[in-house]
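Visitor: Hi, I've just opened this one and could use a friendly tour. Could you bring it up for us?

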Amino acid sequence: MLRRSLSRISPLLSNGLLLRSGPRCCSSTHRFCSSSRSSATLNPSVSREEESRESPRPAATVSIDRSGLHNPPEHSHEPSSVPELVKHLKSIIKFRGGPISVAEYMEEVLTNPQSGFYINRDVFGAGGDFITSPDVSQMFGEMVGVWTMCLWEQMGQPENVNLVELGPGRGTLMADLLRTSSKFLKFTKSLNIHMVECSPALQKVQYSTLKCADEAMNDDSSAKRTISMLSGSSISWHATLEQVPLGLPTIIIAHEFYDALPVHQFQKSPRGWCEKMIDISEDSLFRFVLSPQPTPASLLYLTKRCRWASSEEIRDLEHIEVCPKAMELTHQIAKRISLDGGGALIVDYGKDGLISDSLQAIRKHKFVDILDNPGSADLSAYVDFASIRHSAEEVSDNISVHGPITQSQFLGSLGINFRVEALLQNCTEEQAESLRTGYWRLVGDGEAPFWEGPDELTPIGMGTRYLAMAIVNKKQGTPIPFE
C-alpha cells in the first residue's frame, strides 16, 4: 500500500525545482528540553495612602496642616510598571480567596484576549521565541503533504474535503503542503481549507504566507471568499474546531498544538495525590502550593487517567500531569471522523505513557522560570499520547488509532531521504548546508556529527523526541506509513 500510494507522489520526491526559495533560519534550541521551575520575582504593585489632618479653626479663617500628606511623584498619572496580565492573575487569585490551578494559569498566560502570549504577536521562527519543524525545513511540510494526499486517495478521492490545521503558526506548514500538491489538480480542487487560529495577529501572518486574496462570489460583490493563490483553494479562519462546518470528509493536522493545551499538575504527598496550584506569597510574588484537599480535577481527570495506567507505572511517580483539554479535543476529532470520515495526524513531542513534571517556559529561545513575567514566554508540556489513544478509542468503534511512531520513522517512510538527495542536486552551497542541517534536525538523534561550526549552534536532532500518531475512520484502512 505504501509503495503503491507513494508511486503517485514520486514526482514530488525527485523534482528539485520544488525547493523553497531562500534558506531557513534555525535555532539550536527546541521546545522539547527541560526547564527551570523556581518561583519568579515580580515587582509588587505599590498602593498609595493619603492622610489629612485639620488644625483648630479660628474665626473666619481656615488653616490646613499639610505636613502629614503624602507627596506624590511627578507624572503620577502614568500607568503602573506591573504588566496587565500579572495584575489580572493576581486579581483572580484574590477574588477567589485562594490559589488557581496550573491549567488556569497556563490558559490565561497563553490565550488571554488582551495579553496572552499567542494573541498579539508573531512568536515563531528565529526572530520569535522558538522554532518548529516547518521553520526548520520545507521538507517537513512537503512530507505532511504526501501523507495528506495518500490519505485522500485511501478515502476514495472525495470531490470535497475539509483540510483543517490546528494552530497553524505562521502558516508555513500549510504553504509547503499546498506548494507540494499544486500539480495534483484533482486534489487541490477538492480542498476546503480551515485554519483554527485564535490569534488575530497570526491570522494576518497566515493570510500573507498563504498568498491569500479575496474574490467576489457574485456580481454585486456583496459576498466574498478568501482564496490561496498557491493552490486556488478556499481558506477560512476559526477560533475553535467546533466552528469548522460538519458534513464533509475531514483531514485534520495538529502539529505542535497539543503541547500548548493547559495541564493540571499533581504531586504525591503524605495525604495522597494533591493538585499543584499557584498562589500569591506575602511579598506579592507568585508561588506554587499544594491543595489541602482533593480538587475537582483530581477527582475527575487524575482518577480517569490513572485508570488507563498500570499500578507499576504509577507507583514510582512523584508527579503526574493530566491534560483534560487534550482529552476533550481528541473526543471532538474522533467524533467528527467517525461521522464524516477522514483522519487526523498528530505530531508533537511527548511519550506514550504517563507524563511526570514536564511543564516548561521559553522566551527568546532560552528556558526561563514558569512564573517569571507571565505572558512574555511560551508555556508547553509533553504530550501524553497514551491518553490521546484512549480518548479516541472510547468515542466509537468506527475509529482506529495508529502509533505513535517516531518523527524519524514517519518522515523516513514517506521519502524524506529521497527528497533531500533530489534537492541537494539543485541548490547553492548555502542552501545545501541549510538542507543538511534541517534534515538532521528533523530525523536525527542528538548532536549532528557533521557539524563544523560553533558548538553553541550545533544542530540537535528531534527525530526521536517527536512522535506521530494517526486517528482514522476504519473505512479508510491503515494510514501510511503506520502499517
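**A first walk through the model**

Guide: Let's start with one contact: the side chain of Glu-321 makes a polar contact with the side chain of Ser-358, at 2.7 Å. A polar contact is a pair of N or O atoms within 3.5 Å; within protein, one must be able to donate a hydrogen and the other to accept it, and residues adjacent in sequence count only if both atoms are side-chain atoms. This is a predicted model, where local features need pLDDT of at least 70 and side-chain atom pairs count only at pLDDT 80 or more, while totals for chains, interfaces and linings use all residues. Residues are numbered from 1 along each chain as its sequence is written, and side-chain values use heavy atoms, with hydrogens and water left out.

Visitor: Which backbone nitrogen lies 3.0 Å from a polar atom of the Glu-321 side chain?

Guide: That of Leu-359.

Visitor: And is Glu-321 buried or exposed?

Guide: Glu-321 counts as buried because its relative accessibility is 4%. Buried means under 20% relative accessible area, exposed over 50%, and partly exposed in between (1.4 Å probe, protein chains only). Glu-321 belongs to strand E13, residues 319-322. Helices (H or I, at least four residues) and strands (E, at least two) are DSSP runs, numbered from the N terminus.

Visitor: Zooming out, how many helices and strands are in the protein chain?

Guide: The protein chain has 15 helices and 22 strands. Of its 483 residues, 53% count as buried.

Visitor: What about aromatic pairs, how many does the structure hold?

Guide: There are 7. Rings of Phe, Tyr and Trp (its six-membered ring) pair if their centres lie within 6.5 Å; planes under 30 degrees apart count as stacked, over 60 as edge-to-face and the rest as tilted. In one of them, the ring centres of Trp-152 and Phe-187 are 5.3 Å apart and the planes meet at 70 degrees, so this pair is edge-to-face. The pair links distant parts of the chain, with Trp-152 in helix H5 (residues 138-154) and Phe-187 in helix H7 (residues 185-190), 35 residues apart. Both Trp-152 and Phe-187 are buried.

Visitor: Nice. Which aromatic pair has 90 degrees between the planes?

Guide: Tyr-349 and Tyr-382, edge-to-face with 5.3 Å centre to centre. Tyr-349 is in strand E14 (residues 342-351), and Tyr-382 is in the loop between strand E17 (378-380) and strand E18 (383-384). Tyr-349 is buried, with a relative accessible area of 1%, whereas Tyr-382 counts as partly exposed at 28% relative accessibility. Ring pairs also link these two with Tyr-466 into a cluster.

Visitor: Do tell, which charged end sits over the ring of Phe-288?

Guide: That of Lys-276, 4.6 Å from the ring centre. A charge sits over a ring if NZ of Lys or CZ of Arg is within 6 Å of the ring centre and within 35 degrees of the ring normal. The charged end of Lys-90 sits over the ring of Phe-286, 5.7 Å from its centre.

Visitor: Switching to helix H12, how many of its residues are buried?

Guide: For H12 (residues 385-393), 7 of its 9 residues are buried, which leaves the helix mostly covered. Among them are Phe-385, Ile-388 and Arg-389.

Visitor: What happens at the start of H12?

Guide: There, a side-chain oxygen of Asp-384 reaches to within 3.2 Å of the backbone nitrogen of Ala-386.
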